[in-house]
Amino acid sequence: MIESGMRSRYKALRVTFLAMVSCVALTFGANAQLDRLDTLSFGDFSSIEEVEIGGITITGAEYSDHNAILGVTGLQVGQQIRIPGRAITNAIEKLWDLNLFTDISVVQTQRVGEVVFLEIQLKEMPRFSRHSYQGVRRSYHDDMNDKVSRHLRRGSIVTDNALKNVERDLLKFLREKGYLDAELEIVKKEDDRMSNAVELQFVVDLQEKVRIRNINFEGNEVVRDRRLRREMDDTKERRRLFARSRFDRELYQEDLKSVIRYYRTLGYSDATIVEDSIWRDDGGMLNILVAIDEGNKYFIRDITWSGNTLYDDRTLSSVLGINRGDPYNPELMDRRLNFSMDGRDVNSLYMDDGYLFFNVTPIEVAIENDSIDFEMRIFEGPQASIDRVVIRGNDRTHEHVVRRELRTRPGRIFSRSDIIRSQREIINLGYFDGENMDIQTPVNPQRYTVDIEYDLQERPSDQVELSAGWGGFSGLIGTVGVQFNNFSVRNLFNGSAWRPLPQGDGQRLSLRAQTNGRFFQSYNLSFTEPWLGGKKPTSFSVGGYYTKFTSLFSRQQAAGSRGSLAIARGFVGIGTRLSWPDDNFVFNSRINIENIRLNDYGSFFSFEGRPVDFGSYNNFSLNLTLARTSISDPIFPRSGSRLSLSLQITPPYSLFKSGRFWELSPDERKALIDRENDGRDVPLNKQQELELVERQELADRFKFLEYHKWRIDFEWFTPIVGDLIFRTSAKMGYLGYFSSTVGLSPFERFELGGDGLNNQQTGITGKDIIRLRGYEVNDIRRNLVDDASIFNKFEMELRYPISTNPSSTIYVLGFLEGGNAWNSFSDYNPFDLRRSAGVGLRVFLPMFGLLGFDYGFGFDKPNLRGSSWSEYGTFSLILGFEPD
């Protein structure tokens, strides 16, 4: 009876409670969840009872931790509470404060004497499941997704605050794109694929982009409006071609600061923005008026130094480079005192000598009219030495490979330039990501020491080539190649070091094979140890190449033969880093042993207009190269230069022979002709006999090649603005002879034009193939009797990176180029150039090397007058590496 009565009273109170909630809902509408419900379904509230909590259960909290909820309420089993009373009311208020639920109630499920059992009934707020966009272009989605994910993640609660933050960030993004009038509506839909989940749809009304019609200035008497507009990088007028012309208030404020900074570089250190006005005209476009107070122009009258004991005033003033009478430019002064990109600053002078605690403060000691006197107060401090050098992140590369490249060694005096140089050398290894490289220098001021910590991130460095292509008459061409740039020979027989190959010692091993079976074969192998013996930067390289071409056509084809060209070469080289003039210089020497075998191979080589297509030719040469490089990143250089001067020379065999030693005697001619006629059905005629003798004499004349070949290559990289890089280069080559009687070698000459792809694919062709974008080989060679003995080429490029990600470095370029080739030095005219211009793309993939293309227009192509513009264009490919 008692239990039944309790249940009937519970049902009656439950109905009463629901009616009360309904009334509240009708009264307050959607804000019902904000009302604090302290009414409970326990019984008759006419009297206050004190009971004990016998148990607490929680229902409806699927994603929330029950123990945490119970802890928030403050209720616990065994607790004495009053019904009605503040304990239950406080528990409900605390749960509402969590802002996690849309409905909260506490009910009594059972009562045994003075002991009650409670159930906290909750309804959780919906969880975020997914979202979509309407009314906005797809290209914006990724950026907008980033904004949404900052505040909402899958499974997170969709709160009003989160929605407001998402709306704010999305509208800000759209306004940065120029849609100042954009409107956003967030539509919530129940997601039927998940329980208690909501799908958000962002409905965007972009409306028209708001452009800037005019940007005007007033109060500027010294600087014109046009010059001040140039200082506003992110706020541009619509009238400018390619200008973004969208208004972003934060960027606009930064542009106003840039205007003031420009005034200060001119000496107007008091220049200020008085006010600025922004309004929209009848056409909806923005107009901006900026009022400027230029103030007075100030000049440097005197600079004195104090506190300097290591360097005298004259030396410091020379480094500072600011003289009496110069306009006062605080930005320039700070750069020359503390940090300049070119290293010309007082701070670097001290830092490079270990004075890590050095500090200089410019003090304005006198201001008279437009003149300022400065005192440079210096605190030199003690010299700091390097304590520890820590290398982290070299997961594959052995530590000694990195450490031997460092200029920072424990015990040495600290030098900032040594750190910069060490960073460059590590990047140039090609094993680490330069973008994510970090260098920390924690200081111990008590011991006057500093630690150098290099945090590295490995990047893929090996390359694999596996390709097949159709070569017209030659058929299917297959290529297999691997290049291991961080190989380890000493671990070849260490099974645990194969991951999947032994690596980490910085050695380079290259294997490559290319063939189509019938007409072309090419094989090469090379190995380089950059630190022979491991003590000094002395490199050792060894390798070999074999290439064979078979011609489809031959003058002897009637006799059932095909022409062929086979080149075999072996080399061994030693290189060392020099310490003078500086340690950016490297000297390399290499011995080459090469054999070129021709068998009726057409006119690929020639001498004085006559084809050299028969015989065996030996090329024993010594190659000497002096090079200097200061480039910081070999994949996408941003600054620095390369210089290379090389000489390839053979023994002067003709000095040990007399006269025209290659000419055949009458008896030798007769024997040669008889051997050729032997077995022929039809003997040679007189013309064929003359050709046969001439071919044999050319083969004897150049059986041992003699020449001296010179190459000069310059390359500069200069940053222009931001990531825009200006590259310039100049190349020149000259082939000379020892004896005018023997003449110029038909091999080792220069072929200018085309994309240099043949040289990339085969490695050896018996000549230097020099790329000239916009021209085919025949465009240059048509005016030459033989391949050239002298050439020069000049290039200018603008490069801009699209991605510097180590997994795929991508950049675009535009180029101007000019070059030409001549048969002899007497014909040489460095100003007679074949000019071209064009655009290109480069993609560097660690596994495949450099890929890309260029499209160039040759302005000086012969015999194209009256032709369409497309005939001036030439498309060229880049495979593996950048050609000459």
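## Exercises on a predicted protein chain

Among contacts in the protein chain (heavy atoms within 4.5 Å) between residues at least 6 apart in sequence, 61% join residues at least 24 apart. The model is predicted: local features need pLDDT of at least 70, side-chain atom pairs count only at pLDDT 80 or more, and totals for chains, interfaces and linings use all residues. Residues are numbered from 1 along each chain as its sequence is written, and side-chain values use heavy atoms, with hydrogens and water left out.

**Exercise 1.** Set the radius of gyration of the protein chain against the globule rule.

*Solution.* Start with the rule: 2.2 Å times the number of residues to the power 0.38, with the radius taken over C-alpha atoms. For a compact globule of 884 residues, this is near 29 Å. The protein chain has 41 Å. Now take the spans: along its principal axes the C-alpha trace covers about 145 × 85 × 70 Å.

**Exercise 2.** Classify the ring pair Tyr 545 and Phe 571, then place both residues.

*Solution.* Two values describe a pair of aromatic rings: the distance of the centres and the angle of the planes. Rings of Phe, Tyr and Trp (its six-membered ring) pair if their centres lie within 6.5 Å; planes under 30 degrees apart are stacked, over 60 edge-to-face, the rest tilted. The structure holds 30 such pairs. For Tyr 545 and Phe 571, the centres are 5.8 Å apart and the planes are at 25°, so the pair is stacked. Next, the strands (DSSP E runs of at least two residues, numbered from the N terminus). Tyr 545 lies in β22 (residues 538–550) and Phe 571 in β23 (residues 564–577), so the pair ties together parts 26 residues apart in sequence. Last, the cover: buried means under 20% relative accessible area, exposed over 50%, partly exposed in between (1.4 Å probe, protein chains only). Tyr 545, at 24%, is partly exposed. Phe 571, at 9%, is buried.

**Exercise 3.** Which type of pair do Tyr 350 and Tyr 355 form?

*Solution.* Their ring centres lie 5.9 Å apart and the planes are at 85°, so the pair is edge-to-face. Tyr 350 and Tyr 355 are both buried.

**Exercise 4.** Describe the backbone at Asp 600 and Pro 581.

*Solution.* Asp 600 is not a glycine, yet its phi is positive, about 55°. Asp 600 lies in the loop between β24 and β25 (606–607). With 3% relative accessibility, Asp 600 is buried. Pro 581 sits in the loop between β23 and β24 (585–599). The peptide bond from Trp 580 to Pro 581 is cis, with omega near 0°.

Key:
Helix = DSSP H or I, 4+ residues; strand = E, 2+ residues; numbered from the N terminus.
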